[in-house]
Amino acid sequence: VRVGGVSRESSGSSGINAEYGLLRPDVSLGNGIQRTNSSYEYPSYSRGAAQQVILNFIAGINPLHFKDWEDEFSLKDKIFDVVSVPANLVFTLTIPVVDLTQPLYGWNKLLNALHFTICPLAAVFPLGFTNKTILSVPAPLVVSVIGILITAIILLTSSQGENPCYYKPVFTLLGFFMSIMWIYTIASEIVALLSSFGHIFAISSAILGLTVLSWANSVGDLVSDVAMAKQGYPQMAVSACIGGPCLNMLLGIGLASTLSIIKNGKNLELKLGDSLIISSGFLMVTICSHLVAIPLMRFNVRRWYGFYLFGLYLMFLVIAMLNITGVFTIHS
């Protein structure tokens, strides 16, 4: 049977089960291994359906990229690949990925079914629901039971050879939600670590936030934006410079505040302090500078404007540091 240029053999041919067998490309590599144009390999189909599901699960959670070791990976890349095994394994088990470049969009029956058991349980801990109860039942137990039921339903109603109709929307949203959970968890740990360093070395948490934390939070955007500008996409780089902070402020602060309200059960109280006034003031000056200077330059940004922005940032750091150290205060 041929479906969209991809062939599937029936159960009477070579002992292949058509219901559970994966869609197989026309290109044969021998020994029962099939390959698509995206170089995705399937195991042999001579085994039973249950064994195929298990083999695909093992291949799906494998954190090592053995196919790249021989040709593309250097010794440094191989060492990094081995060192990152625990993190890659945890992310694979807790973050479902819908890959549009892979056959069946990366559908892996057993792995994707287990995501509904592992992901909700993993989200309970950063949300602070470990001590909560639902109808006098611990929240982790309720979440685990519901997840196991959904996993069982997926296993009973789906096959390895065809992804279900709900696969793309449901697992895309689940993957996005779990990514946010991991970002929230890692960010919380980084803040706690910086606070510990501040207590150890007697450094104000405000100074750490203005320097180390803000630089670490922005270095990824800096590298990617500079790379895009050098490759001939300056408009994309400038848009990313403005869109990235907007995303951090709107989604980051909004989501963090929402999670804090859910966790603590009360509204989040914000106090208007000197540091917030200084930061907001320099932010408004920078935005107004963009709105005025860039159109006057006919959207052809000059070098002097870059130096002006650097000077504006250094002025902000100096004034903020003087305020934090008590040299002057702003009476709001």
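**Close-up views of a predicted helical model**

At 39% relative accessibility, Met249 counts as partly exposed, because that value falls between the 20% that bounds buried residues and the 50% above which a residue is called exposed. Met249 is found in helix α9, and the views below take up that helix and several other parts of what is a predicted model.

**Figure 1. The whole protein chain, with its 11 helices and 6 strands, sets the scene for the close-ups.** Of the 332 residues in the protein chain, 24% are buried. The accessible surface of the protein chain amounts to about 21,500 Å², and carbon and sulfur atoms account for 69% of that area. When contacts in the protein chain between residues at least 6 apart in sequence are considered, 56% of them join residues at least 24 apart.

**Figure 2. A nonpolar surface patch of about 920 Å² includes Met249 among its residues.** The other residues that make the patch are Leu250, Ile253, Leu283, Met284, Ile287, Leu291, Val292 and Leu296. Helices α9 (234–264) and α10 each supply at least two residues of this patch, and α10 gives the most to it, with 6 residues.

**Figure 3. Helix α9 has 31 residues and reaches 44 Å from its first C-alpha to its last.** That reach is close to the 45 Å expected for α9 at 1.5 Å a residue. The buried residues of α9 are Ala237 and Gly244, together with Leu259 and Ser260, and what covers these buried residues includes α7 and α8. After α9 comes Gly265, a residue whose phi is positive, near 70°.

**Figure 4. The loop between α10 and α11 holds Arg298, whose phi is positive.** Arg298 is not a glycine, yet its phi is about 55°. With 74% relative accessibility, Arg298 counts as exposed. Phe299 also lies in the loop between α10 and α11, and this residue is exposed as well, with a relative accessible area of 66%. Although Phe299 and Gln235 are 64 residues apart along the chain, their C-alpha atoms are separated by 9.6 Å.

**Figure 5. Helix α11 (residues 303–324) has a span that agrees with its number of residues.** At 1.5 Å a residue, the 22 residues of α11 should span 32 Å, and the end C-alpha atoms of the helix are indeed 32 Å apart. Its buried residues are Tyr305, Leu312, Phe316, Leu317, Ala320 and Asn323. Seen down the axis of α11, these buried residues fall within an arc of 135°, so they line one face of the helix. The buried residues of α11 pack against α8 (205–230) and α10 (274–296), whereas on the other side of α11 the residues Arg303, Phe307, Phe310 and Leu314 are exposed. Just after α11, Gly326 takes a positive phi of about 90°.

**Figure 6. Helix α6 (residues 139–157) has 19 residues and a buried side that packs against several neighbouring elements.** The distance from the first C-alpha of α6 to its last is 27 Å, close to the 27 Å expected at 1.5 Å a residue. The buried residues of α6 are Ala139, Pro140, Ser144, Gly147, Thr151 and Ile154. They cover an arc of only 125° around the axis, which puts them on the same side of α6. The elements against which these buried residues pack are the helices α5 (109–124) and α7 (167–200) and the strands β5 (133–134) and β6 (137–138). The face of α6 turned away from its buried side carries Leu149, Ile153, Leu156 and Thr157, which are exposed.

**Figure 7. Leu135 lies in the loop between β5 and β6.** The phi of Leu135 is near 55°, which is a positive value in a residue other than glycine. Leu135 is exposed, with a relative accessible area of 80%. The two strands on either side of this loop, β5 and β6, are among the elements against which the buried residues of α6 pack, and this view may therefore be read together with that of the helix in Figure 6.

Conventions. Residues are numbered from 1 along each chain as its sequence is written. This is a predicted model: local features need pLDDT of at least 70, side-chain atom pairs count only at pLDDT 80 or more; totals for chains, interfaces and linings use all residues. Side-chain values use heavy atoms; hydrogens and water are left out. Helices (H or I, at least four residues) and strands (E, at least two) are DSSP runs, numbered from the N terminus. The expected span of a helix is 1.5 Å times one less than its number of residues. Buried means under 20% relative accessible area, exposed over 50%, partly exposed in between (1.4 Å probe, protein chains only). The arc is that of the directions from the helix axis to the C-beta atoms. Contact means heavy atoms within 4.5 Å. Patches are made of residues with over 30% relative accessible area and no salt bridge: like charges are joined within 9 Å, nonpolar side chains (Val, Leu, Ile, Met, Phe, Trp, Tyr) within 5 Å. Accessible areas come from the Shrake-Rupley method with a 1.4 Å probe; for residues, only the protein chains shown count as cover. A salt bridge is a side-chain nitrogen of Lys or Arg within 4 Å of a carboxyl oxygen of Asp or Glu.
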